[in-house]
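Colleague: Before we begin, could you take me slowly through the reasons behind the words you use, as you would for someone in a first year of study?

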Amino acid sequence: MTNNKQKKLTIIGAGVWGSALATLAKRNQHLVRLWSRHSTESLEAVITDADIILSAVSIKGVRPTIEKLQALTLPEKVILVTATKGLDPLTTLTPSQIWQEAFPSHSIVVLSGPNLSKEIQQGLPAATVVASNNRSAAEIVQAVFASENFRVYVNSDPLGTELGGTLKNVMAIAAGVCDGLQLGTNAKAGLMTRALPEMIRVGTYLGAKASTFFGLSGLGDLMATCNSPLSRNYQVGYGLSQGKSLEKILENLEGTAEGINTTEVLIRIAQTKEIYVPISHQIYRLLKGEITPQEAVKALMEREPRSEFHGLEI
Ligand SMILES: NC(=O)c1ccc[n+]([C@@H]2O[C@H](COP(=O)([O-])OP(=O)(O)OC[C@H]3O[C@@H](n4cnc5c(N)ncnc54)[C@H](O)[C@@H]3O)[C@@H](O)[C@H]2O)c1
Ligand SMILES: O=P(O)(O)OC[C@H](O)CO
């Protein structure tokens with residue numbers, strides 16, 4: 001398999017993100033098969049001869065997808081790419097960790113970055129990261145998706161890359177609340193800036209590199225998601241700020257807001273490991289209906305004074 005020839009790519013998960021990634025790879029003349037659990041074709045048929053299998057299912061689909069693939073034959077040369085931004089409620093593992101556990105001999109690549117699917121589908125310029133412990137596998141995936149409208153960077157911290165994209169979803173809920181309550185530009189800047197060390201504290205505890213969080217998949221995705229009404233997580237926060245119930249918001253939401261499940265799993269990790277996550281903690285209480293958006297803001301503002309880089313080595 002070389003870097004520059006046409007690849008056979010199977011994308012599992014035909015939601016908005018899987019579809020946008022399929023568009024990008026097709027534009028580069030790769031052979032793309034897009035499959036979902038509702039497809040009439042069998043999974044076995046669509047993975048035959050695949051060079052790359054990319055999973056763009058939401059977190060609740062990761063284990064069922066892996067189980068289906070484990071029942072089939074998957075040659076070791078097949079590169080597995082995960083584009084899911086979530087945490088497993090059962091084990092608290094990230095998707096790439098679950099994929100690696102299930103397929104220990106395969107190369108696993110994480111794809112994550114500031115990539116709102118609607119903008120990508122419109123052909124607007126964007127950048128992303130592909131990260132793997134196997135650099136050549138990451139470079140193959142880079143070549144599949146890179147184009148004049150989609151700039152793809154490589155890095156060697158798959159866990160950090162994945163956690164940036166996952167943890168920012170919790171912060172996007174907070175940003176939606178902040179905008180919905182019209183707290184102003186200073187408040188938004190304060191929130192987003194304080195979000196980053198919180199993400200780094202969790203990420204580095206879990207084994208990620210702090211520096212990765214300053215890249216596209218951390219800071220980049222934090223900025224995109226916290227500033228865009230296209231983000232489903234932002235929409236959840238905005239809806240809560242308007243006094244809507246979570247149930248009502250989810251009824252009208254197009255697609256998945258992973259931040260809701262991620263908050264739950266993250267708080268479990270933070271409580272067990274005693275990691276200081278004040279923003280996530282207030283979002284957790286808000287999602288549970290324990291406090292109002294205004295009470296969440298008050299609780300954040302009235303905390304004990306602290307030093308800016310408390311608990312961080314950066
Ligand atoms: N939409 C974006 O802009 C975007 C960008 C980057 C990453 N992501 C991430 O990609 C993932 C998918 O997001 P999306 O926006 O496409 O969501 P979506 O709701 O549009 O699609 C979810 C996909 O997951 C599949 N799925 C859900 N539960 C499943 C199960 N139990 N078994 C098998 N498949 C199941 C669905 O069939 C669907 O194909 C999420 O983790 C999201 O955070 C989304
Ligand atoms: O719509 P969201 O909130 O899932 O955000 C989509 C992507 O993660 C943005 O990079």
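**Reasons behind the words**

Modeller: Let me start with the residues of the shell around ligand 2, which divide into 4 nonpolar, 6 polar and 4 charged. Please keep in mind throughout that this is a predicted model.

Colleague: What makes a residue part of the set around ligand 2, and which ones come nearest?

Modeller: The test is that the C-beta atom, placed from the backbone, lies within 6 Å of the ligand. There are 14 residues around ligand 2, and those that come nearest are Asn115, Asp221, Ser231, Arg232 and Asn233. Looking at the elements, α7 (158–180), α9 (216–226) and α10 (232–241) each contribute at least two residues to this shell, while domain 1 (8–156) and domain 2 (167–301) each provide at least three.

Colleague: Why do you place ligand 1 where you do with respect to domain 1 and domain 2?

Modeller: Both domain 1 (8–156) and domain 2 (167–301) give residues to the shell around ligand 1, and therefore ligand 1 lies between them. Of the 26 residues around ligand 1, the nearest are Gly15, Trp17, Gly61, Lys85 and Ser117. The elements giving two or more residues to that shell are α1 (16–27) and α3 (59–70), and α3 gives the most, with 5 residues. By class, the shell around ligand 1 has 9 nonpolar, 13 polar and 4 charged residues.

Colleague: How far apart are the C-alpha centres of domain 1 and domain 2, and how many residues does the contact take from each?

Modeller: The C-alpha centres of domain 1 and domain 2 are 25 Å apart, and the contact takes 19 residues from domain 1 and 22 residues from domain 2. On the side of domain 1 that touches domain 2, the elements giving two or more residues are β6 and β7, with β6 giving the most, 3 residues.

Colleague: How do you know whether strand β6 is largely enclosed or open?

Modeller: A residue counts as buried if 20 or more other C-beta atoms lie within 10 Å of its own. In strand β6 (residues 126–132), 6 of the 7 residues are buried, and so the strand is largely enclosed by the rest of the structure.

Colleague: What makes β5 and β6 a pair, and what makes β6 and β7 one?

Modeller: Two strands pair if there are at least two bridges between them. Strand β5 (residues 108–112) is joined to β6 by 4 bridges, with the two running antiparallel, and Leu111 has Val130 in β6 as its bridge partner. Between β6 and strand β7 (residues 150–155) there are 6 bridges, and these strands run parallel; here Ala126 has Phe150 in β7 as its bridge partner. Both numbers therefore satisfy the rule of at least two bridges. Together with helix α6 (residues 135–145), β6 and β7 make a right-handed β-α-β unit.

Colleague: Why is Thr92 called partly exposed, and why does Gln182 have its own label, buried or exposed?

Modeller: A residue is exposed if 12 or fewer other C-beta atoms lie within 10 Å, buried at 20 or more, and partly exposed in between. Thr92 has 14 such atoms within 10 Å and is therefore partly exposed, whereas Gln182, with 8 C-beta neighbours inside 10 Å, counts as exposed.

Colleague: What is notable about the phi of Thr92 and of Gln182?

Modeller: Most residues other than glycine have a negative phi. Thr92, in the loop between β4 (79–82) and α4 (95–102), has a positive phi of about 70 degrees although it is not a glycine. Gln182, in the loop between α7 and α8 (185–206), has a phi near 55 degrees, also a positive value in a residue other than glycine.

Technical notes:
Residues are numbered from 1 along each chain as its sequence is written. Chains are lettered from A and ligands numbered from 1 in the order in which they are written. This is a predicted model: local features need pLDDT of at least 70, side-chain atom pairs count only at pLDDT 80 or more; totals for chains, interfaces and linings use all residues. Ala, Val, Leu, Ile, Met, Phe, Trp, Tyr, Cys and Pro count as nonpolar, Asp, Glu, Lys and Arg as charged, and the others, Gly among them, as polar. Domain bounds come from an automatic or database domain assignment. A crossover is right-handed if, with the strands pointing away from the viewer, the path from the first strand over the helix to the second runs clockwise. Two residues are in contact if their C-beta atoms, placed from the backbone, lie within 7 Å.
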